[in-house]
Amino acid sequence: MTETRRLRRLRSSPALRRLVSETRLSPDRFVLPLFVADGLAEEEPLASLPGHYRWPAERVGVVAKEAEALGIPGVLIFGIPAVKDERGSAAHAADGPTQRAIREIKSAAPGLVVFADTCLCEYTSHGHCGIVEDGEVLNDATVEVLAATAVSQAEAGADFVAPSDMMDGRVGAIRRALDSAGLSGTGVMAYSAKFASAMYGPFREVAECAPSFGDRRSYQIDPPDGRQGLASIERDLAEGADIVMVKPALAYLDLLHAARQRFDAPLAAYNVSGEYAMVKAAAERGWMDEQRAALEILTAIVRAGADFVMTYHALEAAAWVAL
Ligand SMILES: [Zn+2]
């Protein structure tokens with residue numbers, strides 16, 4: 001057996017495995033998603049996302065500080081307004097839930113990078129990500145409202161706006177709107193390769209944004225179509241995106257890998273609510289070890305090519321990897 005390559009030598013002790021480890025997780029890799037809702041006196045636990053809450057904007061600084069203390073560099077804010085309408089008007093209100101949460105976090109934990117989700121689905125009465133006419137989601141009319149929303153989030157102090165709607169031309173329109181409002185320092189993280197996935201189930205319940213008719217397949221990418229994901233990333237970079245994203249992460253690791261090979265931009269991945277819920281539910285039943293499963297999934301997402309990961313496991317994982 002002298003000529004056999006003995007790969008097991010490299011696995012022989014915990015210290016050696018640590019030395020040769022190719023992929024390392026640290027809190028630097030995580031962004032914590034946060035839900036902020038109007039009309040609450042205190043935080044409200046979320047049944048479908050155990051360990052997460054709907055926060056009143058005035059209290060969200062508490063969890064932001066906790067994230068900062070654990071070494072997590074950023075948070076991503078989703079707002080849920082008291083009143084929804086056809087056009088999602090609360091999305092660009094100066095005193096909307098997202099805008100108030102941005103200001104609160106900037107004052108409580110000024111070192112954090114604040115990403116604001118820029119979409120209309122949490123704000124529209126029909127739950128679609130855009131303006132609807134005759135049962136259709138209109139592209140260009142939606143882009144106008146998204147650009148106004150991005151400007152209002154940037155004015156509130158967001159470091160990055162993060163369009164997640166999947167309309168065509170939104171990144172360019174948002175970039176132009178920010179620049180002409182004198183907000184050229186605000187970045188754009190584009191949800192570029194966003195697929196029409198079953199894995200968003202728990203999120204929709206949390207954000208109260210399940211579409212009241214139809215589905216999102218006319219704007220989100222069909223799961224079999226990986227090349228459309230790459231084309232969408234290329235287009236968003238050409239329109240001025242600073243960071244691009246693949247969402248969901250786990251069933252789309254091939255896309256993360258391909259995007260990492262092809263593009264020289266920071267690449268984010270969204271470890272979505274369904275991926276988190278599956279691990280939590282299995283762990284609750286004693287079918288999986290939660291810590292090992294969550295860290296294996298996050299490691300795989302980073303190994304595939306993500307620079308950082310939006311994950312509901314952020315607080316727990318940051319504590320686990322610091323051990
Ligand atoms: Zn949306």
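## A walk through the strands, helices and core

Let's start with one pair of residues: Ala37 stands opposite Ile80 in S4. Keep in mind that you are looking at a predicted model. The strand that holds Ala37 is S1 (30-37), and S4 covers residues 74-80. These two strands run parallel and are joined by 7 bridges. Another of the facing pairs is Val36, which sits opposite Gly79 in S4.

Stay with S1 for a moment. How many of its residues are buried? The count is 8 of 8, so S1 is largely enclosed by the rest of the structure. In a regular strand, side chains alternate between the two faces of the sheet. You can follow that in S1: Phe30, Leu32, Leu34 and Val36 lie on one side, Val31, Pro33, Phe35 and Ala37 lie on the other, and both sides are covered.

S1 has other partners too. It runs parallel to strand S12 (residues 308-311), with 2 bridges between them, and here Val31 stands opposite Met310. S1 and S3 are also parallel and also joined by 2 bridges. On that side, Phe35 has Arg54 of S3 as its bridge partner.

Now move over to S4. Here 7 of the 7 residues are buried, so this strand, too, is largely enclosed by the rest of the structure. Gly74, Leu76, Phe78 and Ile80 point one way from the strand, while Val75, Ile77 and Gly79 point the other way. Besides S1, S4 pairs with strand S5 (residues 113-118), again in the parallel sense, over 4 bridges. Val75 has Val114 as its bridge partner in S5. Add helix H3 and you get a right-handed β-α-β unit made of S4, H3 and S5.

Next, a helix that packs against some of these strands. In H2 (residues 61-69), the buried residues include Val63, Ala64, Ala67 and Glu68. Why do they line one face of the helix? Looking down the axis of H2, you find the buried residues within an arc of 145°, so they line one face. What they pack against is a mix of elements: strands S1, S3 (53-55) and S4, plus helices H3 (97-108) and H11 (314-322). Just after H2 comes Gly71, with a positive phi of about 90°.

Time to look at the nonpolar core. The largest one has 105 residues, and Val75 and Leu256 touch the most other members. The biggest contribution comes from helix H4 (residues 139-156), which gives 8 residues. You already met Val75 as the residue whose bridge partner in S5 is Val114. As for Leu256, its contacts beyond the neighbours within four places in sequence are Val246, Ala249, Leu267, Ala269, Ile301, Ala304, Gly305 and Ala306.

A few spots in the backbone deserve a second look. Most residues other than glycine have a negative phi, and most peptide bonds are trans. Between Lys247 and Pro248, though, the peptide bond is cis, with omega near -5°. You'll find Pro248 in the loop between strand S10 (243-247) and helix H8 (253-262). Asp134 is not a glycine, yet it has a positive phi of about 50°. Its home is the loop between strand S6 (131-133) and strand S7 (136-138). Met166 is another non-glycine with a positive phi, this time about 75°, and it sits in the loop between strand S8 (160-163) and helix H5 (170-180).

Are Asp134 and Met166 buried or exposed? Asp134 counts as exposed because it has 5 C-beta neighbours inside 10 Å, and 12 or fewer is the cut-off for that label. Met166 has 26 such neighbours inside 10 Å, so it counts as buried; that label needs 20 or more. Val132, which lies in strand S6, has 23 and is therefore buried.

Finally, step back and take in the whole chain. It has 11 helices and 12 strands, and 50% of its 323 residues count as buried. Its C-alpha trace spans about 70 × 45 × 40 Å along the principal axes. A compact globule with 323 residues would have a radius of gyration near 20 Å, and this chain has 20 Å, which agrees. Among contacts with a separation of 6 or more, 74% link residues 24 or more positions apart.

Notes
Residues numbered from 1 in each chain as written. Predicted model: local features only at pLDDT ≥ 70, side-chain atom pairs only at ≥ 80, totals over all residues. Core = buried A, V, L, I, M, F, W, Y, C linked by C-beta atoms within 7 Å. Contact = placed C-beta atoms within 7 Å. Arc of directions from axis to C-beta. Rg over C-alpha atoms; globule rule 2.2 N^0.38 Å. Pairing = 2+ DSSP bridges. Right-handed = clockwise from strand over helix to strand, strands pointing away.
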